[in-house]
Amino acid sequence: MNVDYPSAIPMWIPENDLFTTNTHQAIVIHKTANGTTPQEIAQYFINVSPGPSVHYIVGLDGTIVQSAPESMGSGGNCCLEQGHDPFWDQFGTINLNTVTLSVEHVDPSPTNSTPCPQAQIDASFKLVLYLANKYHIAPDHIKPHSSLDPISRAHCPGNYPFADLINYVKQGGSMTPMGWTDDGQTLRSPNGVPIVLGFRAFVLANNWSKDNWALAPEQAVTLLEASNPPLGGGDQQVFRWSLLGYTVARGVFMEWTGQELAFVRGQLATYYPQVKTLQAEVDSLKQQLAQQRGLDPGKVADRLTAIGLASSNGNTAVQQLVNQPL
């Protein structure tokens with residue numbers, strides 16, 4: 001059997017444990033409260049047959065397992081409890097498993113309190129958007145499991161970023177990070193720095209963290225990555241956690257931030273001692289000049305300028321200028 005979602009891994013629950021119809025009226029978001037991988041959770045559903053089940057399971061690393069066909073109802077959304085969301089009353093006595101798609105998320109904490117890693121959030125949001133678009137499911141028809149069972153499933157899906165998911169679906173996959181502003185042309189992080197054009201589109205389309213602020217407006221640079229000279233120049237914008245680059249050939253892309261940082265640190269370790277030596281020599285020369293009288297100010301100015309120009313050639317050139325009589 002082929003998977004419905006292109007990137008999903010198939011681990012099928014026996015069909016006789018599923019419901020034969022599904023009208024796809026709503027999507028329900030779950031968390032596991034145990035386990036570490038989606039494969040482990042899928043195997044559990046298979047082993048406890050007949051028992052609970054879901055359509056998709058999203059791992060902490062973004063891996064997605066499909067365990068039930070979208071055309072069938074899974075067994076994850078049974079029985080409304082007192083205090084449930086009135087949204088569900090419209091379905092009357094219909095078994096809610098026959099009108100819902102269930103998306104599970106791995107969380108090893110029994111209270112579903114493990115923060116969702118960014119990889120899990122990205123995979124989950126894209127999957128839910130895919131399902132919502134495919135079956136024309138409105139954002140207000142996407143519900144947490146606790147909306148059905150506010151007593152026994154009060155912690156499901158726990159700290160899943162549900163409000164961000166709804167915002168993401170409403171914007172069709174483009175999401176303004178919380179606390180940022182966007183007027184349709186210019187996106188601004190909370191510090192007011194503008195993000196425009198392709199960089200704006202990239203941020204909105206990639207579930208950008210609200211804390212990953214832009215540090216400065218984009219600028220043209222002759223070398224995007226000192227650690228990767230063949231990449232050449234282009235446009236670049238620096239963020240707190242990342243770098244975005246742009247070239248005509250590649251468009252907008254995430255640059256190699258870690259590799260670049262390691263390279264720059266290596267360069268600093270190599271040249272910083274030399275800079276300190278040069279600075280000490282300049283300071284020494286200034287002291288000597290201050291102690292002498294009758295010097296030609298023009299010669300002194302020329303000599304200091306020459307020292308600055310020659311500093312890039314190393315200590316030998318600077319030393320020659322220091323020792324040369326005025």
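# Strands, bridges and exposure

Analyst: Let's start with a turn in the chain: a hairpin connects E12 to E13, and three residues make the link. Please keep in mind that this is a predicted model.

User: How do you know that E12 and E13 pair, and in which sense do they run?

Analyst: Two strands count as a pair if at least two bridges are found between them. E12 and strand E13 (residues 251-254) have four bridges, and their sense is antiparallel. Four meets the cut-off of at least two, so we call them paired. You can look for glycine 245, which stands opposite phenylalanine 253 in E13. Leucine 244 likewise faces methionine 254 in E13.

User: What makes strand E11 a partner of E12?

Analyst: The test is again at least two bridges. Strand E11 (residues 234-238) is joined to E12 by four bridges, and the two run antiparallel, so the rule is met. Aspartate 235 has tyrosine 246 in E12 as its bridge partner, and valine 238 stands opposite leucine 243 in E12. A hairpin of four residues leads from E11 to E12.

User: Which strands make up the open sheet, and in what order?

Analyst: There are four strands, in the order E10-E11-E12-E13, and their pairing is antiparallel. Strand E10 (219-221) and E13 are called edge strands, as each pairs on one side only. From one strand to the next, the twist averages 35 degrees. Helix H4 (residues 197-205) packs on this sheet and touches E11, E12 and E13. The direction of helix H4 makes about 130 degrees with that of E12.

User: Why is strand E12 called mostly covered?

Analyst: A residue is buried when its relative accessible area is under 20%. In strand E12 (residues 243-247), four of the five residues are buried, which earns the strand its description.

User: How many salt bridges are there, and what makes lysine 134 and glutamate 70 one of them?

Analyst: The count is five. For each one, a side-chain nitrogen of Lys or Arg has to be within 4 Å of a carboxyl oxygen of Asp or Glu. Between lysine 134 and glutamate 70 the N to O distance is 2.9 Å, which is within 4 Å, so the name fits. This pair links distant parts of the chain, 64 residues apart. Lysine 134 sits in helix H2 (residues 118-135), while glutamate 70 is in the loop between strand E4 (64-66) and strand E5 (100-105).

User: Is glutamate 70 buried or exposed?

Analyst: Its relative accessible area is 0%, and buried means under 20%. Glutamate 70 is therefore buried. Lysine 134 has 36% relative accessibility, so this residue counts as partly exposed.

User: How do you know that aspartate 182 and arginine 200 form a salt bridge?

Analyst: Their closest N and O atoms are 2.8 Å apart, and the limit is within 4 Å, so the pair qualifies. Aspartate 182 belongs to strand E7 (residues 181-182) and arginine 200 to helix H4, so the bridge ties together parts that are 18 residues apart in sequence. Arginine 200 has a relative accessible area of 17% and is therefore buried. Aspartate 182, at 30%, is partly exposed.

User: What makes aspartate 211 and lysine 210 a salt bridge?

Analyst: The closest N and O atoms of aspartate 211 and lysine 210 are 3.4 Å apart, so the pair passes the test of within 4 Å. Aspartate 211 is partly exposed at 32%, and lysine 210 is partly exposed at 40%.

User: Why is leucine 268 called exposed?

Analyst: Exposed means over 50% relative accessible area. Leucine 268 has 52%, so the residue is exposed. You will find leucine 268 in helix H5 (residues 257-291). Together with Tyr271, Tyr272 and Val275, Leu268 makes a nonpolar surface patch of about 430 Å².

User: And what is threonine 277 called, buried, partly exposed or exposed?

Analyst: Threonine 277, which is also placed in helix H5, has 33% relative accessibility. Partly exposed covers the range between the 20% and 50% cut-offs, so threonine 277 counts as partly exposed.

User: How far is threonine 277 from serine 189?

Analyst: In sequence they are 88 residues apart, and in space 41 Å apart, C-alpha to C-alpha.

Definitions and conventions:
Residues are numbered from 1 along each chain as its sequence is written. This is a predicted model: local features need pLDDT of at least 70, side-chain atom pairs count only at pLDDT 80 or more; totals for chains, interfaces and linings use all residues. Side-chain values use heavy atoms; hydrogens and water are left out. Patches are made of residues with over 30% relative accessible area and no salt bridge: like charges are joined within 9 Å, nonpolar side chains (Val, Leu, Ile, Met, Phe, Trp, Tyr) within 5 Å. Accessible areas come from the Shrake-Rupley method with a 1.4 Å probe; for residues, only the protein chains shown count as cover. Buried means under 20% relative accessible area, exposed over 50%, partly exposed in between (1.4 Å probe, protein chains only). Axes are lines fitted to C-alpha atoms, for helices over the stretch in contact, and angles run from 0 to 180 degrees between N-to-C directions. Contact means heavy atoms within 4.5 Å.
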